[in-house]
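Please walk through this structure with me, beginning with its strands and then turning to its aromatic side chains.

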Amino acid sequence: MLSTPHKPHSHGPRSHGLWEATAPAAPATTALDGHVSAEVVIVGGGYTGMSCALHLAEAGRRVVLLEAREIGFGGAGRNVGLINAGLWLAPDDVSSALGPDHGERLLKLLGDAPAQVMALIDRHGIDCELERNGTLHCAVGASGLAEIREREAQWQKRGAPVKLLDATETAARLGTSAYLGALYDARAGTLQPLAYARGLATAVVKAGVTLHTSSPVTKAERKDNRWHLTTAGGSVDADWVVVATDAYSTGPWQMVRTEQVHLPYFNLATQPLSPELLRKILPGREGVWDTKTILSSFRMDRAGRLVFGSVGALRYSGTAIHKAWARRALSKLYPELGDITFEHEWYGQIGMTGDALPRFHTFGPNAVGFSGYNGRGIAPGTVFGREIALLIKGEKTFAELPLPVSNVTPATFRRSREAWYEAGAQIAHLV
Ligand SMILES: Cc1cc2nc3c(=O)[nH]c(=O)nc-3n(C[C@H](O)[C@H](O)[C@H](O)COP(=O)(O)OP(=O)(O)OC[C@H]3O[C@@H](n4cnc5c(N)ncnc54)[C@H](O)[C@@H]3O)c2cc1C
């Protein structure tokens, strides 16, 4: 059996950054070697795949999970760590796009999703820097304020604990007076994303799932009413296949990738702030992002590093441009940070769909998957994984799932749009 010990920065110095440096180790795993049979084979070791695996294994199902690289290699190990409630789209837009049945069901599920994540973390004792302190969506200018006021009204009419904070209270929470107000969402929070992924992997293995890393699925065939999946070292046959490969899809479900347009997003982490700065800057440790089109986000990690991010890829000319912009933007927000050192830098690709809604696809009989999270995958991926487990266990029908089945539709002009996002972010950050 091939052993795959944890290697720091094994995907390059700018892939998993701070999260790789501070996450507890993943469970020891090996690559698939030989043939195994299961009831369910899950492809992808991110939140969606591991939540599905965990919920199935806890119900006594025989599950094999195959991850191409390492646990959290995809979005799960690179993201900002905001455990958001809901989607990018405002609630009324979700409802009108999906119709009241699916729309309101999805909003209810995703509104409760951060609580589900937090309960899962508690139940399995996952050490992932969980902060249950909510998020602040901060208003830039009058149009930003109007946007968050509208979001407040739409969520409140659905009974959600969100509250518009005025400029004074926002400044007190953030330690900067850069914003006209903020929408506080008490349901949300932050976590260390790779630590959450690795903690889920540990729970998955404990629950009895056979988990193989370094095992990219290269072929999937349907024979004798069963699925047969192939990797370089072995094969799995199963009644069901769950495709949980999302924006980092390779192999037989590349179409999940080509349906999405990659939006690059980077993060820089400062050295740990002094106790004096920590009393002033984001003392409540909420997760923060703003209403700009090319948005910024920030949050603290457990050690008191400020993690600051925005749209852009840290490669080629982008590395210097985005880092210089981040320094300028941070010193406008927090002049007292001075010439603080950035200890870590990394970026990843957010998978965007044409209408900013996630997808539920079938890929043949008993082959299903959610994807297309549009930068909102921690809580949605966790609860969608559980929804698939309920479907496979026969406790939910297709009609009861939060999204209707949709066809995979390749994104138009994908490559040129991706090039434009990368170049456009550089142009915006040069100004
Ligand atoms: C920079 C960035 C910032 C983000 N910020 C946030 C945030 O603050 N909050 C939030 O909620 N969401 C955020 N997201 C989105 C979130 O990270 C994703 O939506 C989430 O990781 C999706 O989970 P997943 O399990 O579906 O997919 P992933 O985590 O991407 O996992 C998919 C896995 O499938 C594996 N795979 C692919 N093909 C194969 C194959 N052929 N065989 C075997 N395995 C395969 C990949 O290696 C990968 O590990 C962000 C994303 C990025 C990139």
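What follows is a reading of a strand and its partners, and then of ring contacts, in a predicted model.

A convenient place to begin is strand β10, which spans residues 226–230 and has a covered face formed by Trp227 and Leu229, while Arg226, His228 and Thr230 belong to its uncovered face. In a regular strand the side chains alternate between the two faces of the sheet. Strand β10 is paired with strand β9 (residues 219–223) in the antiparallel sense, over five bridges, and with strand β11 (residues 234–243), again antiparallel, through four bridges. Trp227 takes part in both pairings, since Arg222 has Trp227 as its bridge partner in β10, and Trp227 in turn has Ala238 as its bridge partner in β11.

The connections between these strands are hairpins. The hairpin of β9 and β10 has two residues between the strands, and there Asp224 takes a positive phi near 50 degrees; the hairpin that joins β10 to β11 does so through three residues.

We turn next to the aromatic rings, for which a search of the whole structure finds twelve pairs. In one of them, the ring centres of Phe298 and Tyr334 lie 6.1 Å apart and the planes stand at 90 degrees, so this pair is edge-to-face. The pair links distant parts of the chain, with Phe298 in strand β14 (residues 296–300) and Tyr334, 36 residues apart from it, in the loop between α9 (318–333) and β16 (342–352). Phe298 has a relative accessible area of 1% and is therefore buried, and Tyr334 is buried as well, at 0%.

A stacked arrangement is found for Phe308 and Trp325, whose rings are 5.8 Å apart centre to centre, with 20 degrees between the planes. Because Phe308 lies in strand β15 (residues 306–311) and Trp325 in helix α9, this pair ties together parts that are 17 residues apart in sequence. Phe308 counts as buried at 1% relative accessibility, and Trp325, with a relative accessible area of 11%, is also buried, because buried means under 20%. These four residues do not stand as isolated pairs, for ring pairs link Phe266, Phe298, Phe308, Trp325 and Tyr334 into a cluster.

Aromatic rings are also met by charged side chains. The charged end of Arg173 sits over the ring of Tyr184, at 4.5 Å from its centre, and Arg187 lies over the face of Trp155, 4.1 Å from the ring centre.

Methods
Residues are numbered from 1 along each chain as its sequence is written. This is a predicted model: local features need pLDDT of at least 70, side-chain atom pairs count only at pLDDT 80 or more; totals for chains, interfaces and linings use all residues. Side-chain values use heavy atoms; hydrogens and water are left out. Buried means under 20% relative accessible area, exposed over 50%, partly exposed in between (1.4 Å probe, protein chains only). Two strands pair if DSSP finds at least two bridges between them. Rings of Phe, Tyr and Trp (its six-membered ring) pair if their centres lie within 6.5 Å; planes under 30 degrees apart count as stacked, over 60 as edge-to-face and the rest as tilted. A charge sits over a ring if NZ of Lys or CZ of Arg is within 6 Å of the ring centre and within 35 degrees of the ring normal.
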